[in-house]
Every structure is written in C-alpha cells, then in structure tokens.
Amino acid sequence: MYSLVRPLLFAVEAERAHHLTLEALDVLARVGLPPAARPAPAACARDVMGLRFPNPVGLAAGLDKNGEYIDALARLGFGFIEIGTVTPRPQPGNPRPRLFRLPAANGVINRLGFNNGGVDRLVDNVRRAAYRGVLGINIGKNADTPIERAADDYVACLRKVYPHASYVTVNISSPNTRDLRQLQQAGELDRLLGAITTEQHRLADAHGRHVPIAVKIAPDLDAQQIAGIAGLLQRHRVEAVIATNTTTARDGIAGMAHADETGGLSGAPLTARSTGVVREISRALQGTIPVIAVGGIMRGADAGDKIAAGASLVQIYTGLVYRGPALICECLAALCGPRNLSASGPTNS
C-alpha cells in the first residue's frame, strides 16, 4: 500500500509530507486502520539496559519530536519507540526549507535544528498516550544556550522526562546545532556525563526507579575518538550508546540535486559509515555497554549487518521514508527469523 502512496508524498515538500503522513497515521489509528501489528513472538525479545524489549527493531528519534503520535506509531510493530530530540524551552529550529530528499541515493539531508515545542509539551503528550511499551526520550540543549552551559539544559530535561521514560538518550551528535558535537570531545564529555549521571542517581533515589542513560554519537569519528568516548562511557557507567546520528560527509551523492545542502545526511549513503562506527565502538567497549545501531537501515540485511557488527538493538527512520512499514517486517524477519514470525502470524499489516 505504501508503494502506491509514496509518489504522492514525494510530490509534496519533504517537511510538509512528513507532517501529513503523521497526521494521516494518527487519524487512521483512531478508527482502527490499518489493524495493529501483532506482538512479535517471545523469541524476538531482547534484554538490554535492564529493560525487556519485545523485539529488537525500534523507531529512531527525530520522527516524532514532541511525542504527539506515540500511540499511532506503536501500532506499526516497533519493539520500542524513541521520541525527541526535546529541549528545555520551545524553539523553531532552523529556517525552512530544511529537509531534502535525495531519491536517487535513497537519502535525506536535514538541518532541522532541534525544532520542538519544549520539554513540558512533550511530557504532557507522553502522559496522554496509552502506550505502555519501551519509550526512549531523546534530550538536547537549546540553540542559544552557550556550550559551556550545555549540562544545565541536559539536566533540566532529564529531571522532567525521568518519571516518564524507559530510558533517556543524551544527544551530543546532531550536526545542526552549533558546536553541539564539541560535547563529544574528552573534557567536555567527561564533565557532561558527570553532571548527568550524578542527577540520574539523585532522581533514582527520589523516584524509586533507575532509568538508564544512553548517549548518541556521530558517524564522523575516527578510531581514536571512538576509543576515548568508549572509555568515558565506561567510566561514568552509561547504560548504552546509540550509533549513529547523521553524517556531514557527502560520500556517494556528488552531483545530485540537494547534495550541496548543509545538514546531516541519512539513509543509504550512511549505511557503511554507520556500521563501521558500530563495529569500532563495539570493539572498544568489549561487551561492557550495549550498542543500539541506527543509520542507513534500508532493508532487513542492513539490520542484520548492524547486529553482526556488535549491536544489540536497531532503530530505523529514513528507511521508513523510502520503504514504509514493510521495512519493520523485513527487519524483524532478518533478526528474529522468518520461522518464528510465521509461527505467530504476520507482525505487521
């Protein structure tokens, strides 16, 4: 069905099509269409970060920044959903246009810039949602917060989302907020993780439950940088690393329309680069911290490659733009085995 709708969506400006798709999905979900995906069989479940994931295929952050469509997205068969990135205060993000498709490469360039309605709005939406599955909330800093005060923004967000999240992702790798990737540098990251984990422990005592912290890193890191980040994640006992965000590289898209747009590139051009970082960070961590892989998963085999590189779970986003919900089924078949899925019937309509 999505293959019939996609040409119509691709005829519309990319960001508008994004919102139209989510609104349509929400309306259809309210009337029970399409039928909700069946739960994956028990063989698909994974235990990661002390959490039970009903299946290893999740939705990456960025698609539902304000947590407005959680229940509609949950019907598609994801094992977990991550919303955000959210900042302490609302912000419009970068000027439009800021989202560009590259169909010849199965890619997308975005420079959205953490456009969101602020953490209070997101929390209100989460409270209203009926979804009770694994929910990740991705947090960042406001664009006008100086980098030396970034920890204040992350801690402020953490305090507000903590009671409502299954896990919290610290986004230090978007290329679309000025100087944000500076937080991946050793000194900056050490201070930031110190502040966040100190607050995490305080909140765990206050709420009587421990909410894991994940850190999302860039694909544009060399082996030395990855090793340094891995050491700091271990030192601060962070519970997971998400690899990777979008890339500022332009490998494989030279000469294409929109190839020169600034922003982060995702989709098929990111696949190999992201998988390489998954492999490198997994090697550096040596199984001490789980890796959640995201970046360029366009087919089931790509998800399998991420797991083979050392990941415990995968997330998808741009692949949905090009493949639709069928990609979820394909990834589940690749990771869980078609026999397990067929034994319980289709996992997605």
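In which loop does Asn-106 lie? In this predicted model, Asn-106 sits in the loop between strand 5 and strand 6 (107-110). The backbone of Asn-106 is worth a look, as its phi is near 55°, a positive value in a residue other than glycine. Most residues other than glycine have a negative phi, and most peptide bonds are trans. With a relative accessible area of 32%, Asn-106 is partly exposed, because buried means under 20% and exposed over 50%. A second residue of this kind is His-258, where phi is near 75°, again positive in a residue other than glycine. His-258 belongs to the loop between strand 10 (240-243) and strand 11 (264-267), and at 36% relative accessibility it counts as partly exposed.

The peptide bonds also hold some points of interest. Gly-84 and Thr-85 are joined by a cis peptide bond, for which omega is about 10°. Thr-85 is part of strand 4, which covers residues 80-86. Another cis bond runs from Arg-96 to Pro-97, with omega near 0°. Pro-97 is placed in the loop between strand 4 and strand 5 (99-102).

Two further loop residues can be taken as a pair, beginning with Pro-39. This proline lies between helix 2 (14-30) and strand 1 (46-48), in the loop that links them. Pro-39 is exposed, at a relative accessible area of 68%. From C-alpha to C-alpha, Pro-39 and Pro-54 are 7.8 Å apart in space, with their positions 15 residues apart in sequence. Is Ser-173, by comparison, buried or exposed? Ser-173 has 0% relative accessibility and counts as buried, although it is found in a loop, the one between strand 8 (167-171) and helix 6. Setting aside neighbours within four places in sequence, Ser-173 is in contact with Leu-180, Arg-181, Gln-184, Lys-216, Ile-217, Ala-218 and Asn-245. The C-alpha atoms of Ser-173 and Thr-244 are separated by 8.2 Å, while the two residues are 71 residues apart along the chain.

Ile-217, a contact of Ser-173, leads on to the interior. The largest nonpolar core has 79 residues, and Ile-217 is among those with the most contacts inside it, together with Leu-73, Ile-137, Ile-139, Tyr-154, Val-170 and Ile-316. Tyr-154 gives a good view of these surroundings. Its contacts, leaving aside neighbours within four places in sequence, are Ile-139, Gly-140, Lys-141, Val-170, Asn-171, Ile-172, Leu-180, Leu-183, Leu-192 and Ile-196. A second, separate core has 14 residues, including Phe-80, Tyr-167, Ile-242 and Ile-292.

Tyr-154 also takes part in a helix pair. Helix 5 (residues 150-161) and helix 6 (residues 186-207) pack with their axes 9 Å apart, at an angle of about 20°. Angles under 35 degrees count as roughly parallel, so helix 5 and helix 6 are described in that way. Helix 5 passes helix 6 in a right-handed crossing. On the helix 5 side, the contact is made by Ala-151, Tyr-154, Val-155, Leu-158 and Arg-159, and on the helix 6 side by Leu-192, Ala-195, Ile-196, Glu-199, Gln-200, Arg-202 and Leu-203. These residues divide into 8 nonpolar, 1 polar and 3 charged.

Helix 7 (residues 223-235) and helix 8 (residues 271-285) form another packed pair, at an angle of about 50° and with axes 9 Å apart. The two are therefore oblique to each other, and their crossing is right-handed. Helix 7 contributes Ala-223, Ile-226, Ala-227, Ala-230 and Gln-234 to the contact, and helix 8 contributes Val-277, Glu-280, Ile-281, Ala-284 and Leu-285. By type, the residues of this contact are 8 nonpolar, 1 polar and 1 charged.

The last pair brings together helix 9 (residues 300-308) and helix 11 (residues 326-336), which pack at an angle of about 45° with their axes 7 Å apart. That angle makes helix 9 oblique to helix 11. Helix 9 passes helix 11 in a right-handed crossing. Here Gly-300, Ala-303, Gly-304 and Ile-307 of helix 9 meet Leu-327, Glu-330, Cys-331, Ala-334 and Leu-335 of helix 11. The contact of helix 9 with helix 11 comprises 6 nonpolar, 2 polar and 1 charged residues.

Key: Residues numbered from 1 in each chain as written. Predicted model: local features only at pLDDT ≥ 70, side-chain atom pairs only at ≥ 80, totals over all residues. Heavy atoms only, no water. Axes fitted to C-alpha atoms, helices over the stretch in contact; angles between N-to-C directions. Helix = DSSP H or I, 4+ residues; strand = E, 2+ residues; numbered from the N terminus. Parallel < 35°, antiparallel > 145°, perpendicular 65-115°, else oblique. Left-handed = near helix turned anticlockwise from the far one by under 90°. Contact = heavy atoms within 4.5 Å. Nonpolar A, V, L, I, M, F, W, Y, C, P; charged D, E, K, R; others polar. Core = buried A, V, L, I, M, F, W, Y, C linked by side-chain atoms within 4.5 Å. Buried < 20%, exposed > 50% of the residue type's maximum accessible area, 1.4 Å probe, protein only.
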